[in-house]
Every structure is written in structure tokens, then in C-alpha cells.
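Trainee: Hi, could you walk me through this one? I'd like to hear about the domains.
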Amino acid sequence: MRQIDPDFLALPLRRLADAALQRARELGAEFAAFRLERVRAETLRLFDARLEGSSDADDLGFAVRVVKNGTWGFAGGITLTPEAAAEVAAQAVQVAEVSAPLNREPVELAAEPVHEGVWVSLYDVDPFDVPLRDKVALLGDWSAGLLAKGVDHVSASLMQVKEQKFYADSAGTVTTQQRVRVHPSLTAMKSEGALFDDMRTLAPPVGRGYEYLTGTGWDFPAELAEIPDLLAEKLAAPSVKAGDYDLVIDPSNLWLTIHESIGHATELDRALGYEAAYAGTSFATFDQLGELTYGSPIMNVTGDRTADHGLATVGWDDEGVQGQRFDIVRDGTLVGYQLDRRMALLKGLGRSNGCAFADSPGHTPIQRMANVSLQPAEGGPSAEELIAGVDDGIYVLGDKSWSIDMQRYNFQFTGQRFYKIENGRLAGQLRDVAYQATTTDFWRSMDAVGGPQTYVLGGAFNCGKGQPGQVAPVSHGCPAARFRGVKILNTVQEGGK
Amino acid sequence: MTPQEVVERALALPGADDRVVIVDEDTTANLRFAGNTLTTNGVARGSRLTVVSIAGSGTGVVSRAGVTPDQIADVVAAADRAARDAQPSEDARPLVAGEAAADWDRPAEETSIAVFRDLAPALGEAFATAEAGGRRLYGFAEHLVNSVFVGTSTGLRRRHDQPTGRLELNAKSPDMTRSAWVGAATRDFTDVDVAALDATLAQRLEWAKRRVDLAPGRYETLLPPGAVADLMIYLYWSAGARDAFDGRTVFAKPGGGTRVGEELAKLPIDLYSDPGRAGVECGGFTVAHASSRESSVFDNGFTLGPTKWIADGRLANLIQTRHSAEVTGLAETPAIDNLIMEGPAGGKSLEEMIAATERGLLLTCLWYIREVDPQTLLLTGLTRDGVYLVENGEVTAEVNNFRFNESPVDLLGRVTEVGAASQTLPREWNDYFTRTIMPPLRVPDFNMSTVSQAN
């Protein structure tokens, strides 16, 4: 197992925490938490095999969050001295005091055992140890390979993040963590007459290091070798006829549908209205817990902050709660929500399941998504076997456009590739396809889920929520799955053409 | 050290052929509330040093937060190393030359929780009024001040202080079935009238007491300024010259080149940016922390002026760097941080447009807007927080929400009326873009693709 970088451990973590927590106690805070973070992000962008731009930025600072007289107070600072930490703690208490007249719901937190420990995510090669020129050369070689096979243009990018967090609270929990994640992506573009289109790699972002680009966890050369021909076929494909079709959806597309229609819909803060003015609420209201038929009986969904290489995997969350795995949908019924400590106590759900997260030292932790994943069927079918059960349908691969309403009912998704299914066999690509459905109708129409051999962990670096806006990385695992009678739109016709 | 001293020290260190140094000082304060009570709040401060080093035509960019004086040399050395390792930059140009601006030495401006000294009690009163009136208020108030200092090894020294404030108020009935929204963009909250905004919400929740369900279809639709802003911001973000020139966007001309000069709207619509426009003032020079398709680190300090993107209904300019302007043969028109749309003089107010409507839909705002097809800039999204039926010049009921599929470019060609422009807060994009002046629009056939059950 890798170790936390010594230069982070060399920062005055405990001295700052002690100063802040002591000051908060002196000023009468019922609860106080100190969090020091360093988040380093490097992004490279190439166009047609040439470096177009790169950035290497970090965010370093600390935050103090208190509860004073039942009201939250939060302040962030950047000067790493005990005096500054104590001053920021006093600011957090002052913010709580100023805000108290506006607060009608006293803040109380679910109990959590005291933890002390160190946790590092699973990766082999720190991407920040790899010289920039090597990364540019690799992406450039891949891009040149695509250009040599007849595509017009290639854009390539590599995002790399190292997130280091030190947390200490007034209950005695002290944790130190380091997570690494990478997201390589290439998009090939081609014109044919008046048409143009593109095709992106399906490789998901992962909680791995640079080894992901060199053969561990994904075979980039193999995927890239297929893209020019697939893109040419897509450009020559017929436009879809709008109507209802059976769908077989690959994990490279289904992860995003899970994210939008299950992940966000089962966040308890949304269900209770705390995101009502921004991200929205949820059709899966709290009174339906244990009752709502979310999907067909073969639907089983878990929230998980412990999955290997998951982007939302942690040792402890940003309220000092240990990472856990829990059920959200069991046999098609809603049985659980994602929680933070306040929400857990507010609704009498016992211990938090560890879903608090802040994306930077300047932001307060809010309830964010675990790795929410659809479980495969033990001994279940392959994608080919799922397709064999469709007479007239469409096979969907790769995510692209997505949109869902503020209660998570109505969604519309497109993809990277759509194949016509005729009598159980693939019959070439289709263009201009979008699928549109209501969440529960869609999941209740799922009549088969693939076996573990079809399971892939997809995800995103940049799930947005909260005000001020925060982004969170999250993974979603799923098998291929089959859905009956889903509405398909022709996007050209939708545009009035 | 002051930001100006950090700039000078970083520029003075030996190593690279040329250098650009950017220091950002940020302060922020926010209040968030739900169900007539405060939920979260906070204040925060940030400081960032960005060094762009140029060695030959290679560039290296390193950005670090919370840099202490003894760490400046490390950041500069890292940027220098990256520049020496880099391939030649395609966008390489001589740095913008200049001298120290007259306001260069002023200290950075700041905000604090005190910016809400009038807003917080007004919100408290609004919560009480809402509670008594059977409404629940949700929303967010935020104030940010960014002070940016840009120095180059060619002598240029420019700074800008940008205050950005926004207030969103969302009212719901206790059963959450009726919802209304208003928003305000502001520089300092002194011009925000919470009681008036709350009264508008109360009126809209009253409108929603009568409910009519309508099927999907194409409807005559009145888009209020905030909804127009969200559509036009997406159009603006899609107006990169390089992508158009490479054949990747709605602004690409089939067969090569761009659509600059082509008629997009039959009405004499102007869409433009102007750093000096009152109420939506923004930085008057380019600040680029990294190069991309639409920005170049070599353009830091480039003076920005009023720029028409659409003039009299015709596509006039696309977002350019100095490099992409050479490639495309078009004018040097970098991105600007505000957006203004105006139609012919004498445009009506939204209320007058409602009064002149025989039967149509009045929207409040659009939400979850995403691109479906870049070739046409077809966007999808939802109506949110109030779709109203207008009959014989009056709002008569609330209508269910819809998912729409529409292209803002195609829509410009179908608009039949442009109202009077006013400053507005976009709903979807106000995390990133708050400075807009937009008119209401009448669209005869807005495509409501399907019904959303969301309230």
C-alpha cells in the first residue's frame, strides 16, 4: 500500500487543528471540526496530437465548521499558522451567531464512533511523478494513430487529481487520507458531406494512478484501434425512426442513467427539500421508504464508499464517519437513502452512512453521492445473450448528452453508439438517437440484468450540487441490462428539421 | 506581501525568456436557506499565484494556492521547467506590451459576512411573511470579490476588482406542488428588495392555484429575460471561432470556414458584450490562466471593448484568441464576461407582451440544459418553477412542466417579438455567468417535447 506524501504530513496538521478546536470550545461551540486539504489537479489538452494547453493547479487551505446554539457556522482560511487557525475558528463561531436568528431547526448530529487512522486509495503510480512530456507523448501517439486512420481531428485530454485531507473534530476523531484519480479521454471527429460527428473513448474515469494509461484496468490501444471504422460507420448510418423500442444498455451508458435517476433521487437532503431551490427535490419522498416500487424485482442497488477504485471511495467522510456499503433498492423496492450525520438523526435513521463531502477547503461538507451501483445477477447473461432476447430494439453504448428534471422523473439521454437489433442480432449503427423516459417506468421495464462478467465501474469527476456549487467525483458500477418499450426520439426531428 | 509585490518578485526571477504572472485574491460570503430557515452559511478566502513561463515557444503553467513569499521561487521554477519540457505552443505570440495601469497599486478589495447586514434581516422578515402566508422560501445569497493582478515581462501591469452577487428566492406551497422563482444579480446587495421579490413569488403561487394540464407540442411561448439569458449563454459558449473553423459547431459553414456574416434572425437582434455596460461591468482585459480552444495565455492583458456577436440579426464575430483570429482571418475578439441582447427600439415589457397574447405559455425559467446535437446546437432541458397559461391577455392558470428540445440558433430565426431588455439573473448558469441584460422573447412554436411530472 502506498503512503501519504511526506510533504503533506509535514504540514502543521495537528497544531492547527488543536488551535482551532480549542478556540471553538472556548467560544462555546457544541461541536467543531477542522479540515485541512490540499487538492492538486493537472489537466492536459491536445488537439490533433499537439499540446493545446495544460494547467497544474492546487488548492491548499483549511476550514473550521462549528455548531453554536444549534446553528452551523463555517469559515475557511489559507494561512497555515495556529494563530490563523484560531482566528478562523472564531470567524466560524461568529458566522453561526450572526446566522442564528434565521435558523428555526436546531442542528444535531448522529453519533459516530471516534476514529483515528490513515487511508490511501488503491493506485500504483502517482501521476504527478510522471513527467509532463511523457504524458503528452503518450496522448500524442494515440492521437496520431487515429489521425493516420482517416479521422479529421482528434482531441485528447488527461485529468489527474490528488486529494489529501486531514480531519479532526471535537469528539476526538483524527484521520488523514490521500486519494488519486485519473481520466484520460480521446475524441475522434470526422465530416462526411454536410454531416459531422464524433466518437469518444468509453474508458471511464477511475480511482487509479498512471498505470491506468499503461495497461492496468483498460486496454486503450485496443479501443482506439476500433474508433476510426466505428466513426465512419456512424456517419454512414441511417437516422433512427422515432418510436418505442426494447433497449439493451451497456454499462458505459447505463452508469449515467443510474447516477441521475437513482443516485441523486436517493439523496435524503434532496428528498427532504434542502436542495429544493437548486439541484431539486426527489420523487422518492421519505414517506415512501420501504414502500416505493422503484423498479422490477431484479433491481438491486447499493451505495458504497468502500468499492476498490471507486471515485467516491474513502476511509472516512468529511464528518468523520467511516466509509460503508448499504442497500438503496432491494428487490425493486426503495429501502435506503444516502445520508450525512444531520440527516440521519433528523429522520431517526441511526448512524450516518458516510456521505458527507466537501470539494475544497473553502466549502462546507454537504451530503454527496456514494458509489451507487446496480448489482449484476449471479450467473446472469452476457450482453450478447441479452441482445438475443430482443426482436426489434437498440443496443446503446457510451454516454453523451444527459438531462433530467428537478424531481428526477423525466430524463433524456443520448450515447456514443447505437446499434439496431433485429431478431436478436446487431444490424448496424443508427444515428440521431435519444431515449426518454420516466424514472420508475424505466426501471420497472428492466426485465434482465447481465452477469458479473458484464459489470463495469463507470463514473464522472464532476458531479455538481449545492450552493456554493461543489463538484464531487463518483463511480457507478453496473452490468449490461435490458429494458422493454422505451421511447426513442429522433434528435433531428426534435430540432424541427 | 501584497499581490503586486508577488507579481514583481515572480517576474524578477531569472530563468524563462518571458513570463506572465497572475495573482488572484478571492473573498466570499454566503447564506443558504430552505423551508423558511437557514441551512448553511460561510465565509472563505483564497489566494492563488499562476505563473506562465515561456521558453522559446514552449509554455509552462503552474498555479498554486496559498503561496508564501519563500515559495514563490519554487512555483516559478516549476513553470520554467514545464516550459523547457514543452512542445512549441501553437498559440505563441509576442506578449501583450504595456505599462503599469494607474490603479495598479491599490490594495485588493474584499467582502465579508457584513455584506448581508441589510439582506439578513430582510430575509428574516420574508421568512416570517412567507410562513404567515402559507409559503416556504428556499434559496441562496452569495457575494464574491475577485481581485486579479496581471503582470508580464513586457511591462504590462493591470488589475481588476470584480464583485459578483446573486440572490435566488424560490417559494413553494407547503405540499410542494406549487413553485415559483425569482432571482437578482447585484454588485453589492444594496439594490436588492427582498420584500418586492417575495411579493412577486406570492403572486405567482396564487396564479398556480388553478392548474391546467397540457400535452406536449409546439406552443406560442413567452420566454422571460432569465430564460433567454440561459439559452443565449449556451449559444455564446458555443461560439468559439476555432471549433467553428474546424467544422465542429453550429457556426461552421458546410464545406469549410465559418458562418460569420450569415443571417441568423429575421428581426434586427443584437447580441453583444461590453465591459463598461452599467450594471454588468466586467474586466476590460483578457485574463487567461491556461490556453484552450477559446483562450490563450499569450493574450493576457489584451484590451477588451464592446464586441457584437450578432449584429442586426447577422452573425458578426466569434470568440477568438489572437492566434485563432489569424487562422480564421477574422477579427481579434476574445471572450468577455457579460452578455447583452437587444431588439428594435420600443420593445414592450413582459407584462405588455402578456397583455398582447391571445393564447400562449409564459415560462419562468429553464433547467438542466444540455447539448443534444452540436451540428444544430439542439439543446434539451426542462421548464421549472412556473409555466403559466396566458389567455386573452391574462395569466389564467399554471400548466405542467415540459421537457423541451430547441436550438437557440434556430429559435432566433423564428422569434416574432423582442421585448425591452433588462438586467436579469440566469437560472441554470448563474454559478458561472451572472452579468446579463436580456429581453423577453415571443416564440410562435417552442418545442415542448414531453411532459415532466415534476412540480
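Mentor: Happy to; first, domain bounds come from an automatic or database domain assignment. This is a predicted model, where local features need pLDDT of at least 70, side-chain atom pairs count only at pLDDT 80 or more, and totals for chains, interfaces and linings use all residues. Residues are numbered from 1 along each chain as its sequence is written, while chains are lettered from A and ligands numbered from 1 in the order in which they are written.

Trainee: Where does the assignment put the domains of chain B?

Mentor: Domain 1 of chain B covers 3-205 and domain 2 covers 210-455. Taken over C-alpha atoms, the centres of these two domains of chain B are 24 Å apart.

Trainee: And how many residues does each take to the contact?

Mentor: Domain 1 of chain B gives 34 residues and domain 2 of chain B gives 29. Two residues are in contact if their C-beta atoms, placed from the backbone, lie within 7 Å.

Trainee: What classes of residue are on the domain 1 side in chain B?

Mentor: That side, touching domain 2 of chain B, has 15 nonpolar, 13 polar and six charged residues. Ala, Val, Leu, Ile, Met, Phe, Trp, Tyr, Cys and Pro count as nonpolar, Asp, Glu, Lys and Arg as charged, and the others, Gly among them, as polar.

Trainee: Switching to chain A, what are the domains there?

Mentor: In chain A, domain 1 is 6-236 and domain 2 is 243-494. Their centres, over C-alpha atoms, are separated by 22 Å. In the contact, 40 residues of domain 1 of chain A meet 36 of domain 2 of chain A.
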